[in-house]
Amino acid sequence: MRDVSSTDLAISVLFLSGILLAAGIFMEHAMSLEPCALCMMQRFWLLMGAFVALAGIMHNPNWGIYPFLTAACAVTGTGFSLRQLWLQNLPADQVPACGPGFTYMAENFPVWELIVAMTSGSGNCAEVSWSFIGLSIPAWLSVFFAAIIFLSVLQIRKGIAQRPSLP
């Protein structure tokens, strides 16, 4: 069995991100689950991490900046996942008021208000609309973001090991 290269790890991150984004789109359209603002932020950071991994594959997967930026995107996405998990676990009397849906906000709100709403969440984000073996969507995304961070760290280590040494 051959050793895993930096390119293989970047492709794994890209593949995992693609599967997760496809699952999100499937849940939205086939299962009719309306994504909240924090869900959209998690998707955004997943997509950004995928773009960075793709750029690394196309340029030089051994160069450590690409997996570092991919991990930074995953850490940011994890922050939004944890924010949504916090909202989901608040007592019912402490949940913030529900706001309008993301589509309505995107069409009718000024950009700054949209950004504030997307980063802080609302009562819509506190609803658990789907779970699998007791974990909600943001909990699963936290697990997958951790996997992406792990793969990125491995890619950085592989890239360092594959660099030519100085004479």
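Let me begin with helix H1, which covers residues 6–29, where helices (H or I, at least four residues) and strands (E, at least two) are DSSP runs numbered from the N terminus. Its 24 residues should span 34 Å at 1.5 Å a residue, and because the end C-alpha atoms lie 35 Å apart, the expected and modelled values agree; the expected span of a helix is taken as 1.5 Å times one less than its number of residues. Please keep in mind that this is a predicted model, in which local features need pLDDT of at least 70 and side-chain atom pairs count only at pLDDT 80 or more, while totals for chains, interfaces and linings use all residues. Residues are numbered from 1 along each chain as its sequence is written, and side-chain values use heavy atoms, with hydrogens and water left out.

Staying with H1, the buried residues include Ser6, Leu9, Ala10, Val13 and Leu16, and also Ser17, Leu20, Leu21, Gly24 and Met27. Here buried means under 20% relative accessible area, exposed means over 50%, and partly exposed is in between, with a 1.4 Å probe and protein chains only. As general background, an α-helix has 3.6 residues a turn, so residues three or four places apart point the same way.

Now the chain as a whole. The protein chain has six helices and two strands, and along the sequence they follow the pattern α-α-α-α-α-β-β-α. Of its 167 residues, 39% count as buried. Contact means heavy atoms within 4.5 Å, and among contacts between residues at least 6 apart in sequence, 80% join residues at least 24 apart.

Which way does H2 run relative to H3? The axes of H2 and H3 come within 8 Å and cross at roughly 170°, and that makes H2 roughly antiparallel to H3. The axes are lines fitted to C-alpha atoms, for helices over the stretch in contact, and the angles run from 0 to 180 degrees between N-to-C directions. Angles under 35 degrees count as roughly parallel, over 145 as roughly antiparallel, 65 to 115 as roughly perpendicular, and the rest as oblique. On the H2 side the contact includes Leu38, Cys39, Trp45, Met48 and His59, and on the H3 side it includes Tyr66, Cys73, Phe80, Arg83 and Leu87. The residues of this contact divide into 13 nonpolar, nine polar and one charged, where Ala, Val, Leu, Ile, Met, Phe, Trp, Tyr, Cys and Pro count as nonpolar, Asp, Glu, Lys and Arg as charged, and the others, Gly among them, as polar.

The pairing of H2 (residues 37–59) with H5 (residues 111–120) has another geometry, since their axes come within 7 Å and cross at roughly 90°, which makes H2 roughly perpendicular to H5. Ala37, Leu38, Met40 and Met41 of H2 meet Ala117, Met118, Thr119 and Ser120 of H5, and by class this contact has six nonpolar, two polar and no charged residues.

One residue of H2 deserves a separate word, namely arginine 43. At 19% relative accessibility, arginine 43 counts as buried, and beyond residues up to four places away in sequence it touches Leu21, Gly24, Ile25, Glu28 and Pro35.

Turning to H3 (residues 65–88), leucine 85 lies in this helix and is buried, with a relative accessible area of 19%. Outside its neighbours within four places in sequence, leucine 85 is in contact with Ser136, Pro138, Ala139 and Ser142, and its C-alpha atom is separated by 8.3 Å from that of serine 136, which is 51 residues away along the chain. Serine 142, in helix H6 (residues 137–162), is likewise buried, at 14%, and with the same exclusion it contacts Ser81, Leu82 and Leu85.

What about the cysteines and disulfides? A search of the whole structure finds zero disulfides, a disulfide being a pair of cysteine sulfur atoms within 2.5 Å. For cysteine 39, the nearest cysteine sulfur is that of cysteine 36, 3.3 Å away. Cysteine 73 is buried, with a relative accessible area of 9%.

Finally, two loop residues. Serine 32, in the loop between H1 and H2, has a positive phi of about 55° although it is not a glycine, and serine 32 is exposed at 60% relative accessible area. Isoleucine 133, in the loop between strand E1 (131–132) and strand E2 (135–136), also has a positive phi, near 45°, and counts as exposed at 66% relative accessibility.
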